[in-house]
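Notebook open, structure loaded. I want to see how one helix sits against its neighbours and where the charged side chains pair up.

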Amino acid sequence: YVAGESLTDYKGSTQKLSLGEALIGADCLERGTGREQAAIIISKWRKDKGLEKPSVSSYAVRTGFKNLGGERSRRLTEGTGSRDPDSAWASSRLVQMQQLDAQFVAGDEAGGSR
């Protein structure tokens, strides 16, 4: 929704992007904006220009970026938690489990039941 109005085109027709619109979408994607948000930004720009069918899909943004020769890559993740044995989480979890294991052993020696 932009200014309280839906930008969805209910007729199901796909809008292709002009070069300028594809460049706007590419700029959004390179800044880290997702395809959905880029589609909303382009749709608002088209609506402000007074175009008859302002709505643009995220697929149109993807295709426009691809047609410009944009390069895609997966976002690299950092090792954290259980995937990184040297992390603070892994160290504290090890101590916690060693403590729990010691409590189970102490309980067995005292004749307690689990």
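**Entry 1: a buried pair.** I'm working with a predicted model. I started with two charged residues and looked up how accessible they are: Glu-21 is buried, and Arg-46 is buried too. Then I checked their side chains, and they meet in a salt bridge, 3.0 Å from N to O. Where do the two partners sit in the chain? Glu-21 belongs to helix H1 and Arg-46 to helix H2, 25 residues apart, so this pair links distant parts of the chain.

**Entry 2: the length of H1.** Next I looked at helix H1 itself, which covers residues 19-30. I did the ruler check: at 1.5 Å a residue, its twelve residues should span 16 Å. The C-alpha atoms at its ends are 16 Å apart, which agrees.

**Entry 3: the faces of H1.** Which residues of H1 are buried? I listed Glu-21, Ala-22, Gly-25, Ala-26 and Cys-28. Looking down the axis of H1, I found these buried residues within an arc of 160°, so they line one face of the helix. I reminded myself of the general rule: an α-helix has 3.6 residues a turn, so residues three or four places apart point the same way. On the other side of H1, I noted that Leu-19 and Glu-30 are exposed.

What do the buried residues of H1 pack against? I found two partners, helix H2 (35-48) and helix H3 (58-67). So Glu-21 has a place in two of my lists: it is among the buried residues of H1, and its side chain meets that of Arg-46.

**Entry 4: just past H1.** I followed the chain out of the helix. H1 is followed by Gly-32, and the phi of Gly-32 is positive, near 100°.

**Entry 5: the other salt bridges.** How many salt bridges does the structure hold? I count three. Besides the buried pair, I looked up Arg-31 and Asp-27, whose side chains meet at 3.2 Å, N to O. Arg-31 counts as exposed because its relative accessible area is 57%, and the cut-off for that is over 50%. Asp-27, at 40%, is partly exposed.

The remaining bridge joins the side chains of Lys-44 and Asp-48, at 2.8 Å from N to O. Both residues lie in helix H2, four residues apart, which is about one turn of the helix. Lys-44 is partly exposed at 37% relative accessible area, whereas Asp-48 is exposed at 57%.

Conventions. Residues are numbered from 1 along each chain as its sequence is written. This is a predicted model: local features need pLDDT of at least 70, side-chain atom pairs count only at pLDDT 80 or more; totals for chains, interfaces and linings use all residues. Side-chain values use heavy atoms; hydrogens and water are left out. The expected span of a helix is 1.5 Å times one less than its number of residues. Buried means under 20% relative accessible area, exposed over 50%, partly exposed in between (1.4 Å probe, protein chains only). The arc is that of the directions from the helix axis to the C-beta atoms. Contact means heavy atoms within 4.5 Å. A salt bridge is a side-chain nitrogen of Lys or Arg within 4 Å of a carboxyl oxygen of Asp or Glu.
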